[in-house]
Amino acid sequence: MAMPVRELELDLEAFEGPFDLLLALVLREELDLGEVDVAGIVLAFLERLAEREELDLDACGEFLVLVAALLELKARALLTGEEGDLEDLDPAEAAEELARRLAEYRRIKEAAAWLVERLDEESDRYYRVGPAPLAPVVERRLAPQDPAELAKALRVLTAEPPAVSLAHLELRFPPVEQFLGRFRALLARRTRFDFDTEVEQLTRVEQAVAFLALLELRKAGEIELSQAAPFAPIRVQRNAEPQTERTGTWTARSA
Amino acid sequence: MDRPLRLVAANPLDRLARTLEALLVVASQPLSTEELAEACAEDPERVDLALAHLGERFQEGRSGIILERVAGGWAFRASRGAADACSRLFERPVERGLSQAAMETLAVVAYLGPCSRPEIARLRGVAVDSVVAGLVERGLIAEAGREDGGAVRYRTTPLFERVFGLESLSVLPRLDDLGETDDIRARLEELAEKRPA
């Protein structure tokens with residue numbers, strides 16, 4: 001026999017009666033949850049459970065859901081007015097939301113109870129049940145076709161397609177040395193220059209290689225690089241005394 | 001019934017009624033007025049008229065076969081008086097052993113469907129994957145498209161309506177009317193009386 005959780009008899013200080021009445025009163029705010037001893041409810045349930053030989057999993061599940069909701073509701077109620085905020089919701093809102101969910105669940109349970117009753121009433125209705133009949137096959141109507149048109153369409157398909165050009169895939173990378181030489185020559189004349197201005201006229205690929213050359217020079221300690229902000233112009237300055245020691249640090253860091 | 005057979009055969013409405021009877025006895029699920037009208041090549045209004053005629057003949061107490069309006073259509077079933085005999089010979093696998101969890105999930109889908117598993121789980125407070133799979137297998141619920149997020153949504157099937165003897169989902173009691181125990185006061189007073197003074 002199933003054990004209806006809602007009919008669980010409670011004998012607590014604040015309340016005496018069946019569990020579902022307690023729930024109803026709490027939801028209607030006619031009973032202050034703060035006064036209710038939830039542990040007492042759990043004990044009563046466990047006692048009832050112990051009286052049975054079989055473990056009623058449905059009842060346990062239902063009870064867990066209800067008591068968890070009650071506990072959370074009570075926790076929110078007790079924390080009202082304190083600073084500690086739970087999950088960013090203000091306690092009153094959270095309590096309201098929980099109460100709403102509890103009420104919603106209760107309604108669903110009532111609906112399920114109605115369905116059970118209905119099923120019981122309808123248990124003496126026998127009828128034929130079969131698989132769904134085959135859906136009628138929809139006839140696909142084709143527009144009238146001209147064979148000559150079809151031949152024309154096919155002829156287009158049989159023609160040799162033009163050779164695909166791969167020219168755009170070939171990237172030509174200028175040697176890095178070219179830019180190394182160029183920057184060194186530049187630094188021989190000036191102590192500093194602006195990288196962006198220097199490569200402005202170049203193609204994207206050339207700019208990339210020029211940047212690699214810049215990194216090479218920096219690695220070798222020949223120059224110092226600075227940039228005010230991301231995407232700001234990169235300033236290049238000649239290093240007075242190339243330091244091999246710094247090179248090591250840079251490599252380690254960039255690895 | 002006491003009219004001469006020749007006259008009955010001559011009445012076109014009677015002929016239509018007999019065709020409908022034939023269609024319904026072959027069908028394994030309810031047929032809508034529209035489906036019947038199409039099969040008979042008749043006006044839906046005339047089909048309804050003929051069905052009303054049939055309904056008088058196939059009713060409890062007059063026939064072992066009952067014409068009932070269920071799941072948005074018309075179907076024959078056994079009379080309730082024959083239920084005991086039927087139960088000795090036939091199984092009702094669809095509704096046998098539906099758990100409390102299954103009934104609650106059915107209620108959620110029937111009232112709030114189409115809805116997804118996460119939505120049902122949020123209402124029931126527990127995971128519902130296996131329950132939903134079981135209901136799909138029984139044919140009581142079926143997939144009905146997807147949410148924006150991609151979760152499959154479910155709705156109840158015509159079989160659900162048939163099993164529960166519902167003409168349509170609209171005959172379910174309003175959800176707002178459920179879950180509200182109006183006699184709380186009365187029950188409190190009753191309890192107060194029982195309580196030793």
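Which residue in strand 5 of chain B is the bridge partner of B:S116? Let's start there, and then work outwards. One reminder before I do: what you have in front of you is a predicted model.

So, the partner of B:S116 is B:R153, over in strand 5 of chain B. Strand 5 covers residues 152–156, and 2 bridges join it to strand 3 of chain B, with the two strands running antiparallel. Zoom out a bit and you get an open sheet of 3 strands in chain B, ordered 3-5-4, with antiparallel pairing. Strand 3 (115–116) and strand 4 (141–146) are the edges here; each has a single partner strand, so one side of each has no neighbour in the sheet. And then there's a helix on top of this: helix 6 of chain B packs on the sheet and touches strand 3, strand 4 and strand 5. The direction of helix 6 makes about 90° with that of strand 5.

Okay, stay with helix 6 of chain B, residues 100–112, since it has another partner. The axis of helix 6 comes within 10 Å of the axis of helix 8 (129–138) of chain B, and they cross at roughly 75°. That makes the two helices roughly perpendicular. If you want to find the contact on screen, look at B:A101, B:A102, B:T105 and B:L106 on the helix 6 side, meeting B:V131, B:V132, B:G134 and B:L135 in helix 8. By class, this contact has 6 nonpolar and 2 polar residues, and no charged ones.

Now for the other helix pair in chain B. Helix 2 (residues 12–26) and helix 4 (residues 44–57) have axes that come within 9 Å and cross at roughly 75°. Those two helices are therefore roughly perpendicular to each other as well. On helix 2 you have B:L13, B:L16, B:A17, B:L20 and B:E21, and among the residues they meet on helix 4 are B:V47, B:A50 and B:L54. The class split for this contact is 9 nonpolar, 1 polar and 2 charged.

On to the cores. The largest nonpolar core has 51 residues, and B:L106 and B:A107 are the ones with the most contacts inside it. Both chains feed into this core: helices 1, 2, 3 and 4 of chain A, plus helices 6, 7, 8 and 9 of chain B, each supply at least two residues. Helix 4 of chain A has the largest share, 8 residues. So where does B:A107 reach? Leaving out residues up to four places away in sequence, B:A107 touches A:I108, A:A111, A:A112 and A:L115. There's also a second, separate core of 13 residues, which includes B:A37, B:V47, B:A50 and B:L51.

That brings me to the interface. Chain A puts 31 residues into the contact and chain B puts in 36. On the chain A side, strand 2 (16–18), helix 1 (19–27), helix 3 (57–79) and helix 4 (91–121) each give two or more residues. Helix 4 of chain A gives the most, with 15 residues. What's the mix by class on that side? You get 16 nonpolar, 3 polar and 12 charged residues.

Last bit, chain B as a whole. Chain B has 10 helices and 5 strands, and 26% of its 197 residues are buried. Of the contacts in chain B with a separation of 6 or more, 49% are between residues 24 or more positions apart.

Terms used
Residues numbered from 1 in each chain as written. Chains lettered and ligands numbered in written order. Predicted model: local features only at pLDDT ≥ 70, side-chain atom pairs only at ≥ 80, totals over all residues. Axes fitted to C-alpha atoms, helices over the stretch in contact; angles between N-to-C directions. Helix = DSSP H or I, 4+ residues; strand = E, 2+ residues; numbered from the N terminus. Parallel < 35°, antiparallel > 145°, perpendicular 65-115°, else oblique. Contact = placed C-beta atoms within 7 Å. Nonpolar A, V, L, I, M, F, W, Y, C, P; charged D, E, K, R; others polar. Core = buried A, V, L, I, M, F, W, Y, C linked by C-beta atoms within 7 Å. Buried ≥ 20, exposed ≤ 12 C-beta atoms within 10 Å, placed from the backbone. Pairing = 2+ DSSP bridges.
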